[in-house]
Amino acid sequence: MGDSKGKILIVDDMAINLDILVETLGADFDISVALDGKSALQSCAEHCPDLILLDIMMPGMDGYEVCRRLKEDRLTCEMPVIFITALTDADDESKGLGLGAVDYITKPFNPVLVRARVKNHIMLKYYRDNLKTIIAEKICELQAMQDSTIKGMAIVAEYRDPGTGFHIQRTSEYVRILADRLVEKGQLTQGEASLLAQAAPLHDIGKVGISDAILFKPGKLTDTEIAEMKNHVLYGAEAIRKIDNGQNGNGFLRAAREIVEFHHEKWDGSGYQKNLTKNNIPIGARIMTIADVYDALVSVRPYKPAFSHEKAVNIIATSSGTHFDPELVSIFLQHHQKFDQVAKRYSGFGIALPRREEYSPGADFAGLPVSPCCQGPG
């Protein structure tokens, strides 16, 4: 609760009762008193106590009426009320609790019991009043843990293909650029865009399932090796399914699985492994495809030199409607300079690997040989 004391209003027409309660609680709380119901209502409106100890049997306006009026007022309805009374009948207690009181303490007072109950209700009010802040703090903590876990998993994948350098950071930012534009167009929510950007670093997590002999082979891959390389999308998707335990209820894991499994599908159905077409490809995977290919084109890879930003933009533009979603290509062309800025910010990173013999067993961007799997664009 910090350094401030909780504020308590004690309402009782008997001075001896006030003295007992002030002595019992005064060391731990800021105490104010009222001798009747009218004064109690005025004090609540002016000073907003954290807790009200309210006598029932008072001349004029009794405690029940005071409680009823407090609960009807928008400004005071959340103030917790504990009735203090000599009435011990169960019906009296039921009536008080029915009016919205949080507790019921009978006279004569047991100081230890009073102190314990008051402390509990002050603490409950503190947590209720600060619930949004507490939840936000916990969400931030969980988000930080999730982000660290994602980065750790992605770095493991990147270690399996160190020539890609800061590929995971760049592609995550590329995905964010495109996803944010879809938010502006009303096609994604801000939450969905954030999930896609957070999930993007995991797109090649399936590389951990590819043998070193294939992943680090300096020469041309055989057809069998290419087929195995393509399986990285299946290995990654299966790993995420196991984490999700088959429930498919976690939005982040669902976004990550779709990106991992389908980011090598193509708009015209010529991709892998499901040969999905057009909007049958999840939007996150369609965004990831552009981000992944762009980064591969402007980066040094074992099978190719780094292409210029202009050449990469041209390759993606000419592949609209075949490899890529035409709408996303249109967005990319409007904002391609932001991609260039990200690429330059992370330029110069990576580990030089032996140059692999160029080959184009599938995709061919404007006549330029590009690998069809994660050896090529992503």
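Here are legends for four close-up views of this predicted model.

**View 1. The five-stranded sheet is open, and its pairing is parallel.** Let's begin with the strand order, which reads 2-1-3-4-5. Strand 2 (30-34) and strand 5 (103-106) take the edge positions, and each has a single partner strand, so one side of each is left without a neighbour in the sheet. From one strand to the next, the twist averages 20°. Strands of a sheet pair through backbone hydrogen bonds, either parallel or antiparallel. For a look at one pairing, find strand 3 (residues 51-55) and strand 4 (residues 81-85), which run parallel and are joined by four bridges. Here L54 has F83 of strand 4 standing opposite. Helix 5 (residues 111-129) lies across strand 1 (7-11), strand 3, strand 4 and strand 5. Relative to strand 5, helix 5 runs at about 165°.

**View 2. Helix 2 (residues 37-47) has buried residues along one face.** Which residues of helix 2 are buried? They are G37, A40, L41, S43 and C44. Seen down the axis of helix 2, these buried residues fall within an arc of 165°, so they line one face of the helix. Their packing partners are strand 1, strand 2, strand 3 and helix 3 (63-72). Turn to the other side of helix 2 and you will meet K38, A45 and E46, which are exposed. The two ends deserve a glance as well. At the start of helix 2, D36 brings a side-chain oxygen to within 3.2 Å of the backbone nitrogen of K38. After helix 2 comes C48, with a positive phi near 50°.

**View 3. D295 is a buried residue of helix 13.** Helix 13 spans residues 283-298. Why does D295 count as buried? Its relative accessibility is 0%, and the cut-off for buried is under 20%. The side chain of D295 does have a polar partner: it makes a polar contact with the side chain of Y174, at 3.3 Å. Leaving aside neighbours within four places in sequence, the residues in contact with D295 are H167, R170, T171, Y174 and R301.

**View 4. Two cysteines, C67 and C77, have different surroundings: C67 is buried, whereas C77 is partly exposed.** The relative accessible area of C67 is 0%. For C77, the relative accessibility comes to 26%, and partly exposed lies between the limits of 20% and 50%. If you are looking for disulfides, a search of the whole structure finds zero.

Definitions and conventions. Residues numbered from 1 in each chain as written. Predicted model: local features only at pLDDT ≥ 70, side-chain atom pairs only at ≥ 80, totals over all residues. Heavy atoms only, no water. Helix = DSSP H or I, 4+ residues; strand = E, 2+ residues; numbered from the N terminus. Buried < 20%, exposed > 50% of the residue type's maximum accessible area, 1.4 Å probe, protein only. Polar contact = N/O pair within 3.5 Å; in protein donor to acceptor, adjacent residues only side chain to side chain. Contact = heavy atoms within 4.5 Å. Pairing = 2+ DSSP bridges. Axes fitted to C-alpha atoms, helices over the stretch in contact; angles between N-to-C directions. Disulfide = S-S within 2.5 Å. Arc of directions from axis to C-beta.
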